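Thank you all for coming this morning. I would like to walk through one model with you, slowly and step by step, so please keep the structure in view while I talk.

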Amino acid sequence: MLVLENGSTVDFDQLLVSVGRVPRTPKLGLEKAGVALDERGYVRVDKHLRTTNASIWAAGDVTGHAQFTHTAGVNGSLAASNAILGLRRRVDTTTIPRVTFTQPKVAAVGLSTETAATRSELHVVSLDHEHLDRAIVESDVHGFTKLVVDDKGRILGATVVGPRAGETLGELTLAVRHGLRTRDIAGTTHACPTYNDGVWNASIEDVRSRLRTPTAVRALRVLSTTRRRWIGSSLKKGLDSQPDTLRSATPTTTAQPSASCQATGGSREAEPLAAVHAYLVGILGAVAGCR
Ligand SMILES: Cc1cc2nc3c(=O)[nH]c(=O)nc-3n(C[C@H](O)[C@H](O)[C@H](O)COP(=O)(O)OP(=O)(O)OC[C@H]3O[C@@H](n4cnc5c(N)ncnc54)[C@H](O)[C@@H]3O)c2cc1C
């Protein structure tokens, strides 16, 4: 049993102690080269990874940036191109994917759900993996997909817990880096059953919730009513143009042609309008009900 500082206790089977890492810079004599260290011993760099010696750039764990293999690689390339080609590329600190390879895996990028809770313009869309086909098929439903979304639908962060969470994070890292919106993900077909389906479903849920505003509901109602009327009038027109024999065979419950809808000028005028309506209904309908 583990007793915490506040006196509470936690039962456990195994204890993992994460002690952290420290840079081994003190005896390198970097100060003689004009390369300053910070108070923790990391090499001090600016946003271009240039050290305090204007002819020396640094990358990797020794700079104190996020300590991952992928960060070391990307920043190494950035530092090299800035140094050799004289570029001014800036280091990216906001879209670094983070994966903890525990069971289940924990993967995150961008803003955390805790940060979202402190900012009114952000909200979290959450999908429990109990509702994810792939998780159900694999009988491993312990997990979730959470997206941090701003008021314009842009994905600013994500946390995924579950099997293959690190792989799922690739799409979300791309989304955060390029300011993609949930509607971009919702409108992109994802294979089923896959774990990425969780990202898709969460995005669709966000788009749906946006369409539940009174204005959107009203617009959809108007469009679908107009569409229904247009289809009704087309049916009537179709019946009118049928030979008498066919018309008489048609059940009497179908639409009855009326004098007004036989006006050809009116119908020609209505077609482009109807096409626009159908297009809008199609878009909204596809977005709202693409699953
Ligand atoms: C146990 C463990 C697990 C990890 N798991 C992951 C993971 O799953 N995913 C992930 O992204 N990251 C992981 N990391 C972090 C990752 O390994 C580091 O972020 C990454 O290796 C940093 O690369 P680097 O080139 O900056 O430093 P390093 O890979 O540490 O390379 C530094 C090199 O410099 C050499 N060196 C040191 N001092 C001197 C000297 N005085 N003279 C000459 N050479 C010297 C070292 O021997 C070493 O070869 C893990 C780290 C640890 C310790």
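Of the 291 residues in the protein chain, 22% count as buried, and I should say at once that what you are looking at is a predicted model. The secondary structure of the chain comes to nine helices and seven strands, and if we turn to contacts in the chain with a separation of 6 or more, 52% of them are between residues that lie 24 or more positions apart.

Let us begin with the sheet. Five strands make up an open sheet in the order S3-S4-S7-S6-S5, and the pairing is antiparallel. Strand S3, residues 98-100, and strand S5, residues 122-128, stand at the edges with a single partner strand each, so one side of each is left without a neighbour in the sheet. On average, and ignoring direction, neighbouring strands of this sheet are turned by 10° against each other.

Now, how are the strands joined to one another? Strand S4, residues 106-110, is joined to S7 by five bridges, and one pair to look for is Ala107 with its bridge partner Val160 in S7. Strand S6, residues 144-150, is joined to S7 by six bridges, where Leu147 has Ala158 as its bridge partner. S6 and S7 also form a hairpin with four residues between them, and in that turn you will find Gly153, which has a positive phi of about 90°. Moving on to S5, we find seven bridges that join it to S6, again running antiparallel, and here Asp128 stands opposite Phe144 in S6.

Is strand S7 largely enclosed or largely open? Six of the seven residues of S7, which covers residues 155-161, are buried, so this strand is largely enclosed by the rest of the structure. Helix H6, residues 197-210, lies across S5, S6 and S7, and it runs at about 130° to S5.

That brings us to the nonpolar cores. In soluble globular proteins, nonpolar side chains tend to be buried together. The largest nonpolar core in this model has 29 residues, and those with the most contacts inside it are Leu147, Val148, Ile155, Ala158 and Leu172. Among the elements that give two or more residues to this core are S4, S5, S6 and S7, together with helix H4 (165-177), helix H5 (182-186) and H6. If we set aside its neighbours within four places in sequence, Leu172 is in contact with Val109, Ile155, Ala158 and Val199. There is also a second, separate core of nine residues, which includes Leu30, Ala58, Ala59 and Val91.

Let us look next at a single residue outside the strands. Arg89 is found in the loop between helix H1, residues 69-85, and S3. With 15 C-beta neighbours inside 10 Å, Arg89 counts as partly exposed, because that number falls between the 12 or fewer of an exposed residue and the 20 or more of a buried one. Not counting residues up to four places away in sequence, Arg89 touches His48, Leu78, Ser81 and Asn82.

Finally, which residues surround the ligand? They are Arg24, Gly60, Asp61, Val62, Gln67, Phe68, Thr69, His70, Ala72 and Phe101, and this shell divides into four nonpolar, four polar and two charged residues.

Definitions and conventions: Residues are numbered from 1 along each chain as its sequence is written. This is a predicted model: local features need pLDDT of at least 70, side-chain atom pairs count only at pLDDT 80 or more; totals for chains, interfaces and linings use all residues. A residue is near a molecule or strand if its C-beta atom, placed from the backbone, lies within 6 Å of it. Ala, Val, Leu, Ile, Met, Phe, Trp, Tyr, Cys and Pro count as nonpolar, Asp, Glu, Lys and Arg as charged, and the others, Gly among them, as polar. Two strands pair if DSSP finds at least two bridges between them. Axes are lines fitted to C-alpha atoms, for helices over the stretch in contact, and angles run from 0 to 180 degrees between N-to-C directions. Two residues are in contact if their C-beta atoms, placed from the backbone, lie within 7 Å. A nonpolar core is a set of buried Ala, Val, Leu, Ile, Met, Phe, Trp, Tyr and Cys residues joined through C-beta atoms within 7 Å.
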